[in-house]
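Colleague: Got a minute to walk me through this one?
Modeller: Sure, here it is.

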Amino acid sequence: MAARPAPGGRADYRIFREHSTRWMDNDAYGHLNNVVHYALFDATVNGWLIEVGLIGPARARIGLVAETGCRYHSEMAYPDRIAAGLRVAHLGTSSVRYELGLFRNEAELASAEGFFVHVYVDRATRRPAPLPPDLRAALETLR
């Protein structure tokens, strides 16, 4: 059996977005419910795409989640502050693999790390389409 990878550090990520946890994010075990991690991943990726002007109803191509995953290293809970690190691990013709790290308060090691694979498709046909040049250029900054 392969050894479990160690948590990544803040230096492994290109940009960060800050998130606040909420009372309702805790589950019956007193830590963040698993679905909250995915919501933070989604808010981080889409927040960055909005911030750089690459998401919106007028875009001909849209990114659909084709695959996602998460590895949990340590617990987080309300009222923690979460710094979500973002990087791009792979750029394909029509896809991108985002990797994310969730850092509790001032921790240097990630409490959770995950990924999203977005496949960009034509809005009307839902068939894969090449990444637009402006999107590819912006994603390159996160590699």
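The chat below goes through the sheet, the helix, the loops and the largest pocket.

Colleague: Before we start, what kind of model is this?
Modeller: This is a predicted model.

Colleague: OK. What's the strand order in the sheet?
Modeller: Five strands, in the order β1-β3-β4-β5-β2. The sheet is open and the pairing is antiparallel.

Colleague: Which strands sit at the edges?
Modeller: β1 (15–20) and β2. Each of them pairs on one side only.

Colleague: And how much twist?
Modeller: The twist averages 25° from one strand to the next.

Colleague: Let's go pair by pair. How many bridges join β1 to β3?
Modeller: Six, and the two strands run antiparallel. For a landmark, take His19: its bridge partner in β3 is Ile82.

Colleague: Next pair over, β3 and β4. How many bridges there?
Modeller: Nine, again in the antiparallel sense. Arg87 has Glu99 in β4 as its bridge partner.

Colleague: How many residues lie between β3 and β4?
Modeller: Three, and the two strands form a hairpin.

Colleague: Now the other end. What about β2 and β5?
Modeller: Eleven bridges, with antiparallel pairing. Gly63 stands opposite Tyr120 in β5.

Colleague: What holds paired strands together, in general?
Modeller: Backbone hydrogen bonds, whether the strands are parallel or antiparallel.

Colleague: Switching to helices. Which strands does α2 lie across?
Modeller: Helix α2, residues 133–140, lies across β3 (81–91), β4 and β5. Its direction is at about 120° to β3.

Colleague: Any aromatics to look at? How many pairs?
Modeller: The count comes to five aromatic pairs, taking ring centres within 6.5 Å. One of them is Tyr13 with Phe103.

Colleague: Why is that pair called edge-to-face?
Modeller: The ring planes of Tyr13 and Phe103 are at 75°, and over 60 degrees counts as edge-to-face. Their ring centres are 5.8 Å apart.

Colleague: Where do the two sit in the chain?
Modeller: Tyr13 is in the segment before β1, and Phe103 is in strand β4. They are 90 residues apart, so the pair links distant parts of the chain.

Colleague: On to the backbone. Which peptide bond is cis?
Modeller: The one from Tyr78 to Pro79, with omega near 15°. Pro79 is in the loop between β2 and β3.

Colleague: What about Asn105's phi, positive or negative?
Modeller: Positive, about 50°, although Asn105 is not a glycine. That residue lies in the loop between β4 and β5.

Colleague: I clicked on Val119. Where is that?
Modeller: In strand β5. Not counting residues up to four places away in sequence, Val119 touches Ile62, Gly63, Leu64, Ala66, Ser94, Ser95 and Pro128.

Colleague: How far is Val119 from Ser94?
Modeller: 5.7 Å, C-alpha to C-alpha. In sequence, Val119 and Ser94 are 25 residues apart.

Colleague: Last topic, pockets. What's the volume of the largest pocket?
Modeller: About 220 Å³. It has 16 lining residues. The closest to the pocket centre are Arg71, Arg87, Arg97, Glu113 and Gly114.

Colleague: Which elements give two or more residues to that lining?
Modeller: β2 (61–72), β4 (95–104) and β5 (112–122).

Colleague: And the lining by class?
Modeller: Six nonpolar, four polar and six charged residues.

Colleague: Arg87 came up earlier too, right by Glu99?
Modeller: Yes. Arg87 is the bridge partner of Glu99 in β4, and Arg87 is also among the residues closest to the centre of the largest pocket.

How values were computed: Residues are numbered from 1 along each chain as its sequence is written. This is a predicted model: local features need pLDDT of at least 70, side-chain atom pairs count only at pLDDT 80 or more; totals for chains, interfaces and linings use all residues. Side-chain values use heavy atoms; hydrogens and water are left out. On a 1 Å grid over the protein atoms alone, a cavity is a set of points where a 1.4 Å probe fits but cannot get out, and a pocket is an open set with protein on both sides within 12 Å along at least five of seven lines; lining residues have an atom within 4 Å of a point. Grid points are joined across faces, edges and corners, and a volume is the space filled by probe spheres set on the points. Helices (H or I, at least four residues) and strands (E, at least two) are DSSP runs, numbered from the N terminus. Ala, Val, Leu, Ile, Met, Phe, Trp, Tyr, Cys and Pro count as nonpolar, Asp, Glu, Lys and Arg as charged, and the others, Gly among them, as polar. Two strands pair if DSSP finds at least two bridges between them. Axes are lines fitted to C-alpha atoms, for helices over the stretch in contact, and angles run from 0 to 180 degrees between N-to-C directions. Contact means heavy atoms within 4.5 Å. Rings of Phe, Tyr and Trp (its six-membered ring) pair if their centres lie within 6.5 Å; planes under 30 degrees apart count as stacked, over 60 as edge-to-face and the rest as tilted.
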